[in-house]
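Please take a moment with the chain shown below before reading on. The briefing after it is meant for someone meeting this structure for the first time.

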Amino acid sequence: MAYSHAEVLENYLRTMESYGYTNTFCGSNKYVDKGGYVSERSIMVPYMLDASEYGIPQARDRFFCISVLNDIADRNGVFEMPKAIPEEERYTLKQFLDLSASFEDNSFTDTELAITKKVNGQWYVKQAVKGDFGAGVGYVPINEYQRVDLAFPNSKNRRGRVGDCASTLTTSPRQGVLIDDKFRMFTSKEKLRLMGFRDEDYDKMIKAGLTEAQIAKLAGNSICVPVLEHIFKSLFAQYPELISDMKLATNTSKETLKKAA
């Protein structure tokens with residue numbers, strides 16, 4: 001059986017860690033060991049990467065398991081995860097917003113907006129916190145271009161409704177932003193941006209006939225592109241032979257296609 005020289009597995013949520021699903025996610029120790037791979041699967045934290053630390057203003061925690069064939073690891077060492085981008089070099093949420101987006105087409109419901117209120121020119125959002133910040137117990141201030149998450153507005157234990165980064169995008173998130181003294185949800189184009197995709201990708205999806213709702217769901221199911229880019233850059237930097245192997249595989253595939261034609 002042929003095995004790739006390196007393997008990248010993703011989509012393990014931090015909340016699953018306590019349930020002991022690590023080995024299941026990594027294909028089980030037996031599978032990985034049988035393939036000749038090495039992976040420090042027992043060390044959880046170094047492999048839990050947050051997109052907000054790699055160039056995207058979205059607090060998206062995902063577990064990555066990187067496995068490398070033993071003979072390659074013997075020559076170059078066990079894979080080291082990429083270092084986070086310095087805070088001063090990270091993008092802000094405002095830089096990812098489409099300031100021309102329609103408020104009417106991306107509005108929250110009245111029930112969701114009911115947990116917001118304006119006091120003395122300052123907007124506040126109610127969440128499960130103690131203390132009075134100027135608008136009554138539980139209401140926290142929100143400033144322009146900050147993220148607001150209004151999902152489950154009737155929840156009595158919901159926290160983290162306000163932040164400088166988007167919270168984790170799901171297939172149907174109820175979060176958005178405060179702009180020009182008004183609240184609106186993130187658009188599907190903004191959701192793609194917050195996953196690292198380009199506007200031309202959005203344009204191609206629209207041209208192909210996808211709806212805004214479909215695009216938003218695709219964004220929520222995607223892997224954050226910049227995080228993968230940093231992982232692959234680290235892989236190629238630590239294991240240069242992967243580049244030549246990849247070129248060889250590409251040329252082989254082209255020859256196979258020619259023969260098939």
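What follows is a short overview and then notes grouped by topic.

This is a predicted model, in which local features need pLDDT of at least 70, side-chain atom pairs count only at pLDDT 80 or more, and totals for chains, interfaces and linings use all residues. Residues are numbered from 1 along each chain as its sequence is written, and side-chain values use heavy atoms, with hydrogens and water left out. The chain holds nine helices and 13 strands, where helices (H or I, at least four residues) and strands (E, at least two) are DSSP runs numbered from the N terminus.

**Confidence and overall build**

- The mean pLDDT of the chain, which is the predictor's confidence in each residue on a scale from 0 to 100, is 82, and 76% of the residues reach 70 or more.
- Over residues 19-31 the pLDDT is below 50, and this stretch has 24 contacts in the model beyond near neighbours in sequence, a contact being heavy atoms within 4.5 Å.
- Of the 261 residues of the chain, 41% count as buried, with buried meaning under 20% relative accessible area, exposed over 50%, and partly exposed in between (1.4 Å probe, protein chains only).

**Nonpolar cores**

- The largest nonpolar core, a set of buried Ala, Val, Leu, Ile, Met, Phe, Trp, Tyr and Cys residues joined through side-chain atoms within 4.5 Å, has 36 residues, and those with the most contacts inside it are Phe79, Met81, Val227, Ile231 and Leu235.
- At least two residues of this core come from each of several elements, including strand S5 (61-69), helix H7 (212-220) and helix H8 (225-238), and the largest share, six residues, is supplied by S5.
- Apart from this core lies another, of 10 residues, among them Phe108, Val125, Val148 and Phe183.
- Leaving aside neighbours within four places in sequence, Val227 is in contact with Leu49, Ala51, Tyr54 and Phe64.

**Helices H5 and H6**

- Lys189, in helix H5 (residues 188-193), is buried yet has no salt bridge, and the nearest side chain of opposite charge, Asp98, is 4.3 Å away.
- For this purpose Lys and Arg count as positive and Asp and Glu as negative, while His and the chain ends are not counted, and a salt bridge is a side-chain nitrogen of Lys or Arg within 4 Å of a carboxyl oxygen of Asp or Glu.
- The buried residues of H6 are Asp201, Tyr202 and Met205; they lie on the same side of H6 because they cover an arc of only 100° around the axis, the arc being that of the directions from the helix axis to the C-beta atoms.
- These buried residues of H6 pack against H5 and H7, whereas the face turned away from the buried side carries the exposed residues Lys204 and Lys207.

**Loops and backbone angles**

- Gly138, in the loop between strand S7 (122-126) and strand S8 (139-142), is buried, with a relative accessible area of 2%.
- Although Gly138 and Lys126 are 12 residues apart in sequence, they are 5.4 Å apart in space, C-alpha to C-alpha.
- Most residues other than glycine have a negative phi.
- Tyr145, however, has a positive phi near 75°, and this residue, in the loop between S8 and strand S9 (147-149), counts as partly exposed at 21% relative accessibility.
- Asp180 likewise has a positive phi, of about 50°, and counts as exposed at 54% relative accessibility.
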